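Subject: Structure handover

Dear colleague,

Please find the structure below, followed by my notes on it. Two regions are covered, a set of paired strands and one loop residue.

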Amino acid sequence: MNRTKRLLAATVAAAFAGLQSFAGNDLTMIVGTYTDQSTSEGIYVYRFNQESGKAEAVSSIKSGNPSFLIFNGNATRVYAVNEYDDERRGASAFSFDASKGTLSLINSQHCGTAATSHIKNMPGAAPCNIMAYGRHLVTSNYNGGDISVFPIREDGSIAPESQYLCMFKGNDVDAHIHCCRITPDRRYMIANDLGNDCIWRFDVNNASEAFLGNAEKAFLSNPKEIYTAPKGTGPRHIVFNKKGDVAYLIGELDGSITVLGYNNGNMRELQRVQASLTKTAGSADIHISPDGKFVYASHRLKDEGVSIHAVDAKTGLLTNVGFQPTAAHPRNFAITPNGKYLLVACRDSNVIEVFRRDKLTGKLTNTHNDIKLGKPVCIQFANKNGGASN
């Protein structure tokens, strides 16, 4: 280990040596990381005070490349991907003790085990995103170009893969599924396909029979392409407004934000704006402020930072209002429930940067309350009462 890595590891170890108490504005924050060629060992738990903007390290647990993770609805469980292209690929379940702020591994399952033998790529390779709905987990497998569905048992553990869906449109273009999300009306799941420049829609069945493996009650069925983006867009992440009639889609490859109207399982394009300063081929994440007035998107490689966009209250359309530079390779970011802070996981600078957010202008100011951590890539909050906040 070189001197830089030793210093970073020592900083993280010192932070975990003691835990100071905060007031009533504490949030539980979990951070997913890349562990390969990194000082990180897995998932990290912090207390973040959403008034002061300061964090305290609480605990950590070993896990291989948990690059995306989520709380369940009452924040008693955490589910994370293990982003690998080999036999280590899969998803892991952890119990969360809120009183101690600690995680314990429940179990893990592999992606792609339900694939048929004709699949040419490694099935389930590079799971990069995970979502939970009812008694099911869904992983978006980037290099596999596929989707894995896992039932969740009563004890929170993950049952073996119950469905495997491989999304190929043609002979020359392979799918790259990057994000799956339940629609606001709870009738469908949509999947962003970066490789095929489109959004897929699936009918959703969350009845208990689906958990029992009844073939007629599969969790996902009837795939249909409901939006085709311009070639080279690279659909990555998507977020809906609170009303549920407008969605914002970040294009990884061209740095665009597409505003989409949503109604009854269908999408239509309302607007496309250039969010990154140039076409960086590295745009990453997108979120709406808690008050619904601003959309933020992160961008990597050339224009490293977060773009800021005002939302028209009537139409949902966007106006670019600013760009905040960040440290190297900003990935996922999160906004505190009170809207006061925006935290950015900057992978290649080994830091989470904390920005104060102006609620009137949407602009960001670096507080320099940096959280130093090896290759952070995903941030999720749970509020002090235990519910999932982000």
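How many bridges join strand E5 to E6, and do the two run parallel or antiparallel? In this predicted model, E5 (residues 77–82) and E6 are joined by 6 bridges and run antiparallel. One pair of residues in this arrangement is Val81, which stands opposite Ala91 in E6.

E6 also pairs with strand E7 (residues 102–110): 8 bridges join them, and they too run antiparallel. Here Phe96 stands opposite Leu103 in E7. The hairpin of E6 and E7 has 4 residues between the strands, and in it Gly101 takes a positive phi near 70°. As for exposure, E6 spans residues 90–97 and is mostly covered, with 6 of its 8 residues buried.

The second region is the loop between strand E3 (55–62) and strand E4 (69–71), where Asn65 lies. Is Asn65 buried or exposed? Its relative accessible area is 4%, so Asn65 counts as buried, the cut-off being under 20%.

A polar atom of the Asn65 side chain lies 2.8 Å from the backbone nitrogen of Thr35. Leaving aside residues up to four places away in sequence, Asn65 touches Thr33, Tyr34, Thr35 and Asp36, and also Val81, Asn82, Glu83 and Tyr84. Val81 thus appears twice in these notes: Asn65 touches Val81, and Val81 stands opposite Ala91 in E6.

Regards

Methods. Residues are numbered from 1 along each chain as its sequence is written. This is a predicted model: local features need pLDDT of at least 70, side-chain atom pairs count only at pLDDT 80 or more; totals for chains, interfaces and linings use all residues. Side-chain values use heavy atoms; hydrogens and water are left out. Buried means under 20% relative accessible area, exposed over 50%, partly exposed in between (1.4 Å probe, protein chains only). Two strands pair if DSSP finds at least two bridges between them. A polar contact is a pair of N or O atoms within 3.5 Å; within protein, one must be able to donate a hydrogen and the other to accept it, and residues adjacent in sequence count only if both atoms are side-chain atoms. Contact means heavy atoms within 4.5 Å.
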